[in-house]
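Trainee: Please pick one part of this model and take me through it up close. I'd like to see how it sits among its neighbours.

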Amino acid sequence: MLIGLSAALLVLLEGRIAGISGIAVRLLPPWRDGLFAQRLAFVAGLVAAPLLVSAVTGTPVVQTVSADLALMAVAGLLVGCGSVWGGGCTSGHGVCGMARLSPRSAVATLVFMSTGFLTVLVMRHVLGG
């Protein structure tokens with residue numbers, strides 16, 4: 001709910017899309033538009049939100065990320081390449097693009113959802129993981 005709210009507010013107030021890959025990559029130099037602090041706050045909010053929920057509810061944050069560093073490096077590279085090749089990330093296309101009824105985002109969302117389903121099918125039922 002908060003992701004949708006923040007995405008809607010960013011579009012309404014700033015006229016910009018809340019694609020996380022675009023926001024995160026623009027934290028790196030060169031900075032051209034003077035929005036570094038705003039982008040840093042957005043990313044910090046993504047990191048702080050689960051910690052805040054944990055503090056309020058008393059329930060620890062459960063992390064389900066693999067401990068295999070090689071696997072994580074390959075996964076990170078694939079996600080990064082997919083974001084570049086797809087012209088945005090899951091949040092940009094799936095949350096913001098779909099809300100704007102963008103045909104390009106509909107195709108991108110269909111591709112990454114299908115790829116995710118296929119990956120789970122192969123990992124669980126073909127490779128037995």
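Mentor: Let's take helix α5: the cover over its buried residues includes α1 (2-14), α2 (20-25) and α6. Keep in mind that this is a predicted model. The residues of α5 that are buried are S91, G92, H93, C96 and G97.

A bit of context before we zoom in. The protein chain has six helices and zero strands, so reading from the N terminus you just get α-α-α-α-α-α. Its C-alpha atoms fit in a box of roughly 50 × 40 × 30 Å along the principal axes. Of the 129 residues, 16% are buried. If you take the contacts with a separation of 6 or more, 33% of them link residues 24 or more positions apart.

Now the partner helix. Two packed helices are described by an angle between their axes and a distance between those axes. For α5 (residues 90-99) and α6 (residues 103-126), the angle is about 130 degrees and the axes are 9 Å apart. Oblique covers what is left once you set aside angles under 35, over 145 and from 65 to 115 degrees, and α5 and α6 are therefore oblique to each other. The crossing of α5 past α6 is left-handed. By class, the contact between α5 and α6 holds four nonpolar, six polar and one charged residues. On the α5 side you'll find T90, H93, G94, G97 and M98, and they meet R104, S105, A106, A108, T109 and F112 of α6.

Look at that α5 list against the helix repeat. An α-helix has 3.6 residues a turn, so residues three or four places apart point the same way. With that in mind, follow T90, H93, G94, G97 and M98 along the contact with α6.

G97 is a good residue to stop at. G97 lies in α5 and counts as buried because its relative accessible area is 0%, against a cut-off of under 20%. Leaving out residues up to four places away in sequence, G97 touches G92, S102 and S105. Across to α6, the C-alpha atoms of G97 and T109 are separated by 8.9 Å, with their positions 12 residues apart along the chain.

Follow the G97 contact to S105, and you are in α6. S105 is buried too, because its relative accessibility is 3%. Beyond four places in sequence, S105 touches H93, G97 and M98, and H93, G97 and M98 are among the α5 residues that meet α6.

Next to G97 in the sequence is C96, also in helix α5. C96 counts as buried because its relative accessible area is 4%. Setting aside neighbours within four places, C96 is in contact with A7, I17, A18 and S91. C96 and A106 are 10 residues apart along the chain, and their C-alpha atoms are 11 Å apart. C96 also belongs to the largest nonpolar core, which has six residues in all: A7, L10, A18, I23, F42 and C96. Within that core, L10 is worth a click: apart from its neighbours within four places, L10 is in contact with G15, R16, I17, A18, I23 and Q38.

I23 of that core gives you a way over to R39, which has I23 among its contacts, along with R16, R26, L27 and D33, again not counting neighbours within four places. R39 lies in helix α3 and is buried, because its relative accessibility is 8%.

Back to α5, and on to what comes after it. α5 is followed by L101, with a positive phi near 60 degrees. L101 sits in the loop between α5 and α6. Most residues other than glycine have a negative phi, and most peptide bonds are trans. L101 is not a glycine, yet its phi is positive. How much of L101 is accessible? Its relative accessible area is 74%, so L101 is exposed.

The other backbone oddity sits away from α5, in the loop between α2 and α3 (36-57), where you'll find P30. A cis peptide bond joins P29 to P30, with omega at about 5 degrees.

To sum up the close look: α5 has buried residues including C96 and G97. C96 is part of the largest nonpolar core, and G97 is part of the contact with α6.

Note on methods
Residues are numbered from 1 along each chain as its sequence is written. This is a predicted model: local features need pLDDT of at least 70, side-chain atom pairs count only at pLDDT 80 or more; totals for chains, interfaces and linings use all residues. Side-chain values use heavy atoms; hydrogens and water are left out. Axes are lines fitted to C-alpha atoms, for helices over the stretch in contact, and angles run from 0 to 180 degrees between N-to-C directions. Helices (H or I, at least four residues) and strands (E, at least two) are DSSP runs, numbered from the N terminus. A crossing is left-handed if the near helix is turned anticlockwise from the far one by less than a right angle, and right-handed if clockwise. Contact means heavy atoms within 4.5 Å. Ala, Val, Leu, Ile, Met, Phe, Trp, Tyr, Cys and Pro count as nonpolar, Asp, Glu, Lys and Arg as charged, and the others, Gly among them, as polar. A nonpolar core is a set of buried Ala, Val, Leu, Ile, Met, Phe, Trp, Tyr and Cys residues joined through side-chain atoms within 4.5 Å. Buried means under 20% relative accessible area, exposed over 50%, partly exposed in between (1.4 Å probe, protein chains only).
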